[in-house]
Amino acid sequence: MENCIFCKIINKEIPSYKIYEDEDVYAFLDIGQATPGHTLLIPKTHVPDIFSYDHLLAEKLFSRLPKIARALEAAFPEMEGLNIVNNNKELAYQTVFHSHIHLIPRYTKEDDFSMHFGNHMGQQTPEELIEIAEKIAKQVK
């Protein structure tokens with residue numbers, strides 16, 4: 001992709017702080033460092049988001065996640081947790097439209113990173129949940 005910043009990083013046109021690279025994926029520090037060690041894992045193939053993956057690309061990228069996670073844990077033994085985040089499309093906070101996965105080490109509750117899942121339990125009836133599940137299940141290919 002011509003103007004993609006991540007493609008330019010892969011092609012060494014823009015410098016990065018590389019963590020890991022093989023023939024299929026590239027991992028590097030996020031320049032914004034939400035917390036120390038905040039790493040991005042990207043496919044070398046340009047795809048805008050998860051909706052564009054085929055099963056082979058998914059296997060290649062997601063199979064590398066544990067390796068990078070373990071490296072972060074070994075590098076930062078004080079790490080108490082790890083968020084793995086994948087934003088897809090603008091409404092879901094994607095800002096670079098080359099698919100990427102954030103690995104965000106967590107050290108304390110006061111590390112200025114948070115996610116919020118509101119409690120919506122009980123807003124749907126069991127029948128509505130069955131309907132939602134069936135609607136999605138019919139589309140799994």
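**Note on the salt bridges, surface patches and loop residues**

1. Lys-18 is partly exposed, having a relative accessible area of 48%. The model under discussion is a predicted one. Lys-18 forms a salt bridge with Glu-21, and the closest N and O atoms of this pair are 3.2 Å apart. Its partner Glu-21 is also classed as partly exposed, with a relative accessible area of 28%.

2. Glu-21 takes part in a further salt bridge, with Lys-44, where the closest N and O atoms are 2.8 Å apart. This pair links distant parts of the chain: Glu-21 belongs to strand β1 (residues 18-21), whereas Lys-44 is in the loop between β3 (39-43) and α2 (55-62), the two being 23 residues apart. Lys-44 counts as partly exposed because its relative accessibility is 25%, and the partly exposed class lies between the limits of 20% and 50%.

3. These contacts belong to a network of salt bridges that links Lys-12, Lys-18, Glu-21 and Lys-44. Across the model, the count of salt bridges comes to eight. Lys-12 lies in the loop between α1 (5-10) and β1. The backbone of Lys-12 also deserves mention: its phi is near 65°, a positive value in a residue other than glycine.

4. A salt bridge is also formed by Asp-49 and Lys-89, with the closest N and O atoms 3.7 Å apart. Here too, distant parts of the chain are linked: Asp-49 is in the loop between β3 and α2, Lys-89 is in the loop between β4 and β5, and 40 residues separate them. Are the two partners buried or partly exposed? Asp-49 counts as buried, at 7% relative accessibility, whereas Lys-89, at 45%, counts as partly exposed.

5. Lys-89 is also involved in a contact through its backbone. The backbone nitrogen of Lys-89 lies 2.6 Å from a polar atom of the Gln-94 side chain. A polar atom of the side chain of Gln-94 likewise lies 3.0 Å from the backbone oxygen of Val-96. Gln-94 is placed in the loop between β4 (81-85) and β5 (101-106). With a relative accessibility of 2%, Gln-94 is below the 20% limit and therefore counts as buried.

6. Tyr-93 is likewise placed in the loop between β4 and β5. Although Tyr-93 is not a glycine, it has a positive phi of about 75°. In contrast to the buried Gln-94, Tyr-93 is exposed, with a relative accessible area of 68%.

7. Attention now turns to the surface patches. Which residues form the negative patch? Glu-127, Glu-128, Glu-131 and Glu-134 do so. Glu-131 is located in helix α4 (residues 126-137). The relative accessible area of Glu-131 is 56%, so this residue is classed as exposed, the limit for that class being over 50%.

8. A nonpolar patch on the surface is made up of Leu-129, Ile-132, Ile-136 and Val-140, which together have about 390 Å² of accessible area. Of these residues, Ile-132 has its place in helix α4. Ile-132 counts as partly exposed, at 43% relative accessibility. Helix α4 thus holds Glu-131 of the negative patch as well as Ile-132 of the nonpolar patch.

Conventions: Residues numbered from 1 in each chain as written. Predicted model: local features only at pLDDT ≥ 70, side-chain atom pairs only at ≥ 80, totals over all residues. Heavy atoms only, no water. Patch = residues over 30% accessible without salt bridge, like charges linked within 9 Å, V, L, I, M, F, W, Y side chains within 5 Å. Areas by Shrake-Rupley, 256 points an atom, 1.4 Å probe, with all protein chains shown as cover. Salt bridge = Lys/Arg side-chain N within 4 Å of Asp/Glu carboxyl O. Lys, Arg positive; Asp, Glu negative; His and termini not counted. Charge placed at Lys NZ, Arg CZ, Asp CG, Glu CD. Helix = DSSP H or I, 4+ residues; strand = E, 2+ residues; numbered from the N terminus. Buried < 20%, exposed > 50% of the residue type's maximum accessible area, 1.4 Å probe, protein only. Polar contact = N/O pair within 3.5 Å; in protein donor to acceptor, adjacent residues only side chain to side chain.
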